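This report describes the fold of a single protein chain, beginning with one pair of residues and widening to the whole chain.

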Amino acid sequence: MGIPQALTPLLDPFIAVSLKLWGDKFPRKNNVSAINEHMARRVKGISCGKCGGDLKQTRAGSKRATCANGHKWQLLK
Ligand SMILES: [Zn+2]
């Protein structure tokens, strides 16, 4: 077996801290909701540049939006 039993109590807090730091650096869920909020604001203020229709975010977490005619726009980078 890889890790001696005596070491696991020491490793657990280390792993917990590592995971927390990792989560702070790459907050995936938060990122999706931040994008959604951003997009909700963007699509309200913008209409389709081709047909003038309302834009909708393609899906949750996406930075693109489409109008009813299927024109696609990248609204965030
Ligand atoms: Zn359009």
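## A residue pair in the sheet

In this predicted model, Gln57 lies opposite Ala65, a residue of strand S2. Strand S2 comprises residues 64–66 and runs antiparallel to S1, to which two bridges join it.

## The sheet as a whole

The sheet is open and contains three strands, arranged in the order S1-S2-S3 with antiparallel pairing. Strand S1 (56–57) and strand S3 (72–74) occupy the edges and have a single partner strand each, so one side of each has no neighbour in the sheet.

As general background, the strands of a sheet pair through backbone hydrogen bonds, in either a parallel or an antiparallel manner.

## Secondary structure and overall form

Two helices and three strands constitute the secondary structure of the protein chain. Along the sequence these elements follow the pattern α-α-β-β-β. The radius of gyration of the protein chain is 21 Å, whereas the globule rule gives 11 Å for 77 residues; the chain is therefore more spread out than a compact globule. The C-alpha trace spans about 70 × 25 × 15 Å along its principal axes.

## Burial and contacts

What percentage of the 77 residues in the protein chain is buried? Buried residues account for 5% of the 77 residues.

Contacts may also be considered by separation along the sequence. Of the contacts in the protein chain between residues at least 6 apart in sequence, 28% join residues at least 24 apart.

Terms used
Residues are numbered from 1 along each chain as its sequence is written. This is a predicted model: local features need pLDDT of at least 70, side-chain atom pairs count only at pLDDT 80 or more; totals for chains, interfaces and linings use all residues. Helices (H or I, at least four residues) and strands (E, at least two) are DSSP runs, numbered from the N terminus. The radius of gyration is taken over C-alpha atoms; the globule rule is 2.2 Å times the number of residues to the power 0.38. A residue is buried if 20 or more other C-beta atoms lie within 10 Å of its own, exposed if 12 or fewer, and partly exposed in between; C-beta atoms are placed from the backbone. Two residues are in contact if their C-beta atoms, placed from the backbone, lie within 7 Å. Two strands pair if DSSP finds at least two bridges between them.
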